[in-house]
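Hi there,

Here is the structure I promised to pass on. Please have a look, and then read my notes below.

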Amino acid sequence: TAIVVENAEANQVHRHTPHLAMAPGSSEQLVETTLGAARDELVRGLGGLLDQPVPVTTVDGDNIPDGSVMVGTPTSSPLVDRVTSARDLAEIGDEGYLIRSVSRGKARFTVIAGNTDLGALYGTFAFLRLMQTQKPIEHLHISESPKIKHRLLNNWETERLYAGNNASGLGGLNGESGAIFNFAATGASTDRNLPVILDRYIVVARALASLGINGITINNVNADNAYLTSSYIAQEAALADALRPYGIKLGLSIRYTAPTDGRFAPDTLTNSQLDPYGADFRGWWNRRAQQIQTAIPDFMGLTVKANSEGQPGPQDFGYDHGDGANAIAAAVAPLGMTVHWRTFVYNAEVDNDRLKRAYLEFGPIDDEVQPDGARGRFADNVFLQTKNGPLDFQAREPIHPMFGRMENTNQALELQITQEYTGQNWMLAYLGPMYEEIVKTDTYATDENGKLLKKRLVGNIVDGTAQHHPDTAIVGVANLGNADNLTGHHFSQANLFAFGRQAWNWTLSSADIATDWVRMTWSNDKRVVDTIQKMMMGSWEALVSYQTPLGIGHQFAEGAHYRPDPADWAGRDDWSPIYYNKADTVGLGFDRSPNGSNLAAQYFPRLQQRYGDIDSVPENLLMWFHHVPWGHRMDNGRTFWDELVYRYQMGVQYVTWMRETWDALQPDIDARRFAEVRAKLAVHEADAADWRDTSVTYWKEFSGRDIPVDDGPLS
Ligand code: GCU
């Protein structure tokens, strides 16, 4: 059966809006299925775009009304089978789609086809996006498939949330925490808690499916064992059922020592039973995973933060990350599940430079020769999940040296969508260009003979084309909360949108993605589109400029990660801003060249040379790799000091320009959203100025130099 949305004038949508009638009752079919979701999206989307109801018919034969949009698979519909070629279908794989303009007899229609229902759903959203962004929908000949297999969100439901009751400071509504999904603690009222499915869960499912996101790990990496208890598993199963038609699978973050938690009694282990090579430990994880799989047959697997920031791990028991990851991986492998083992570790005993520690721990395990002669100890169902940079989601970091270096291990790229260090719910910062910079950075990876690989951008490493890894994954730490707009700041939606689009196809341009988003979110008026897109495109670089310009590391005040405090903290030294800025009368920045910590040496030779030399390092990473003398000459002839002050000032000026530009858009934007963004831009401007003033005033103490007059007084 094909689902046909009759839309005699669909191809004319940009010119006029025809009147059509809705077939009564038809929207009740197939609601629990993926094709049902596709049908609903077309009815709702076309109905909204055309501003009138759209009739649905089911065709069995070849009779299809002229102007229809048809969605299905070769198995769901003989007609789809007849109008698509087997070769084209073979090329798009399990999740891809074809969108084709077809003429058959007198009828001209559009077919959206996948090999699977999910492919057809993805194609449906893509078709609607074309219409929403007013792209041509005639003569369509589109073949699309994702470059990366697992396109996932990590939802830290209790941490770094800037999009719900928590963020706004409002008290919880009926006990809601601000998280996107509400779980009921044992015995708690269930009227707004799972297994009740709130409308917003479906809104989220639709939004994620429209981007091709196919999995979500629903709890914090600093994991609470509650998520593995029977009462939570039952709630997770209800959520999984609701998300399943949208192709979104569930995963969980777990704590390495969960088996010792008394909540699982009588199935509880003692510390001495946590030997990763012992049957007790593996048996426990296998039993727990089986219980989850019984409730959630398509459950993805487990994400583990171990021996990191106080979380327990195999090292507490005399083993390494390879032993621990492989033990849990072996326990869940028979169930077809994976383990995402995070590499965010920075044990101070490993090296003085925090940024070198992860590679020093994981590299040797990846390189280790196995009894069978093969290299690499990590199991096939382990992904090492690595943040984009070696520190911690700062506004700009160089790529993590592990990308390309872990030839024998599956690697997942972890990006942050929630704006922990990038302005939270106050600052307008479009991160698409940051993601683009990361995935398009050249690793200069070489093969075992030292020859440069042909494909070697970070995106090629992640999508498997560089080193031929068959299983691939990308993960975004999500920014969803129970705020009406789901992300807190209206413009934070763009970051989720950009992540999803780039996860599907990392070669896309973030500028084009921004344009699409503006058209789908604010307006199709060309002037409005161009103006908002321009605001967005410079906003990340502006944030880098007024927060941490020229590659200076972490300079945040303790705790919230929003305001500046370049001075010392009382806490641990590898978090203190002075650890990163090394401010003194000579200059500013952390020497990671061969004269210093030599982090540069962890990169492939070409990058090693580039980063290691103060004259060839990209200026936007200058202080990441060098202690830069105040009088150092920049490429444009300014001294480093003058350039530094200029950058802070330019960043703030950009925000002022955004605020003024937004004000001028008032006639074109609905009153509520206009006012909400306007209020945030005012805070943004003041807080950006605070970053500039606090930082420059502090640096001046060390440089002993004057504020360059050309750049105007500091506020
Ligand atoms: C950062 C962040 C934490 C998070 C950690 C992680 O340190 O501030 O909230 O737990 O990263 O990625 O594990």
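Which residue in β13 is the bridge partner of Thr 386? The answer is Leu 413. Please keep in mind that you are looking at a predicted model.

That pair belongs to a longer run of pairing: β12 covers residues 382-387, β13 covers residues 410-416, and the two strands run parallel to each other with five bridges between them. Both strands are part of a barrel, which eight strands close in the order β7-β8-β9-β10-β11-β12-β13-β14 with parallel pairing. From one strand to the next, the twist averages 25°.

Now to the ligand. The model has 13 residues around the ligand, and those that come nearest are Glu 159, Lys 305, Arg 342, Lys 387 and Glu 420. Sorted by character, the shell has eight charged residues, three nonpolar ones and two polar ones.

Three acidic side chains are worth a look on your screen, each paired with an oxygen atom of the ligand:

- Glu 159 places a polar side-chain atom 2.3 Å from a ligand oxygen.
- Glu 420 has a side-chain N or O atom 2.4 Å from a ligand oxygen.
- Asp 392 has a side-chain N or O atom 3.0 Å from a ligand oxygen.

How much of the ligand does the protein bury? On its own the ligand would expose 320 Å², and the protein buries 97% of that.

Happy to go through any of this with you at the bench.

Best wishes

Key:
Residues are numbered from 1 along each chain as its sequence is written. This is a predicted model: local features need pLDDT of at least 70, side-chain atom pairs count only at pLDDT 80 or more; totals for chains, interfaces and linings use all residues. Side-chain values use heavy atoms; hydrogens and water are left out. A residue is near a molecule or strand if one of its heavy atoms lies within 4 Å of it. A polar contact is a pair of N or O atoms within 3.5 Å; within protein, one must be able to donate a hydrogen and the other to accept it, and residues adjacent in sequence count only if both atoms are side-chain atoms. Accessible areas come from the Shrake-Rupley method with a 1.4 Å probe; for residues, only the protein chains shown count as cover. Ala, Val, Leu, Ile, Met, Phe, Trp, Tyr, Cys and Pro count as nonpolar, Asp, Glu, Lys and Arg as charged, and the others, Gly among them, as polar. Two strands pair if DSSP finds at least two bridges between them. Helices (H or I, at least four residues) and strands (E, at least two) are DSSP runs, numbered from the N terminus. Axes are lines fitted to C-alpha atoms, for helices over the stretch in contact, and angles run from 0 to 180 degrees between N-to-C directions.
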